[in-house]
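Open the model in your viewer and keep the selection panel at hand. We will go stop by stop, with something to pick at each one.

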Amino acid sequence: MKVKHRWIFLYDIKDPKRLRKVAKFAESFGNRVQKSVFEFYTDDFTLNNIEKTIKMMIEDEDSYAFIPACIQDWEKTVRYGTIKKDYIDPKEEEGPLFM
């Protein structure tokens, strides 16, 4: 069994065409939290492949970051506003993450 971890992925892409491409790609792996912020829950192998693909999509003027989040911090998440209907809790099988 591959161990999965929680990640916050954020980016600043200058060109609108590249931005859409990165956003569409990120949507296939995680939950969009804001326009340029995603939550990922994935294993290291998949995350490494995601990062390699994104590196091929961007230019030097762009930036991105993957920020790890431990379970203790993840469970402290407070959400305001509307959660999208297609939102998937990244670890439903282990009980609720958000209170």
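## Starting at Glu-27

Select Glu-27: this residue is partly exposed, with a relative accessible area of 41%. Bear in mind as you look around that the model is predicted. Now add Arg-32 to the selection, and you will see its side chain meet that of Glu-27 in a salt bridge, at 3.1 Å from N to O. Arg-32 is partly exposed as well, because its relative accessible area is 27% and that class lies between 20% and 50%.

## Zooming out

Switch to a cartoon view for a moment. The protein has three helices and four strands, and from the N terminus on they run β-α-β-β-α-β-α. Of the 99 residues in the protein, 32% are buried. If you show contacts between residues at least 6 apart in sequence, 66% of them join residues at least 24 apart. With a surface drawn, you are looking at about 7,100 Å² of accessible area, 55% of which belongs to carbon and sulfur atoms.

## Arg-18 and its partners

Next, select Arg-18, which is found in helix α1. Is Arg-18 buried or exposed? Arg-18 counts as buried because its relative accessibility is 14%, below the 20% cut-off.

Which residue does the side chain of Arg-18 meet in a salt bridge at 2.8 Å? Pick Asp-62, and you have the partner, with that distance taken from N to O. This pair links distant parts of the chain: Asp-62 sits in the loop between α2 and β4 (63–69), while Arg-18 belongs to helix α1 (residues 16–27), 44 residues away. Asp-62 is buried, just as Arg-18 is.

Keep Arg-18 selected and show its surroundings. Leaving out residues up to four places away in sequence, Arg-18 touches Ile-13, Met-57, Ile-58, Glu-59, Glu-61 and Asp-62.

## A salt bridge at Asp-12

Move on to Asp-12 and Lys-14, which form a salt bridge with their closest N and O atoms 3.3 Å apart. Asp-12 is partly exposed, at 38% relative accessibility, and Lys-14 is also partly exposed, with a relative accessible area of 47%. In total, the count for the model comes to five salt bridges.

## Into the nonpolar core

Time to hide the surface and look inside. In soluble globular proteins, nonpolar side chains tend to be buried together. Here, the largest nonpolar core holds 16 residues, and those that touch the most other members are Phe-9, Tyr-11, Val-22, Phe-40, Ile-54 and Phe-66. Colour by element of secondary structure to see that β1 (4–12), α1, β3 (37–43) and α2 each give two or more residues to this core.

Now centre the view on Phe-40. Which residues is Phe-40 in contact with, leaving aside its neighbours within four places in sequence? The list is His-5, Arg-6, Trp-7, Phe-9, Ala-26, Phe-29, Gly-30, Leu-47, Ile-50 and Phe-66.

## Last stop: Phe-45

Finish by selecting Phe-45 in helix α2 (residues 44–57). Why does Phe-45 count as exposed? Its relative accessible area is 53%, so Phe-45 passes the 50% cut-off for that class. Then add Val-3 and draw a distance between the two C-alpha atoms: they are separated by 9.7 Å, although the residues are 42 apart along the chain.

Key
Residues are numbered from 1 along each chain as its sequence is written. This is a predicted model: local features need pLDDT of at least 70, side-chain atom pairs count only at pLDDT 80 or more; totals for chains, interfaces and linings use all residues. Side-chain values use heavy atoms; hydrogens and water are left out. Buried means under 20% relative accessible area, exposed over 50%, partly exposed in between (1.4 Å probe, protein chains only). A salt bridge is a side-chain nitrogen of Lys or Arg within 4 Å of a carboxyl oxygen of Asp or Glu. A nonpolar core is a set of buried Ala, Val, Leu, Ile, Met, Phe, Trp, Tyr and Cys residues joined through side-chain atoms within 4.5 Å. Contact means heavy atoms within 4.5 Å. Accessible areas come from the Shrake-Rupley method with a 1.4 Å probe; for residues, only the protein chains shown count as cover.
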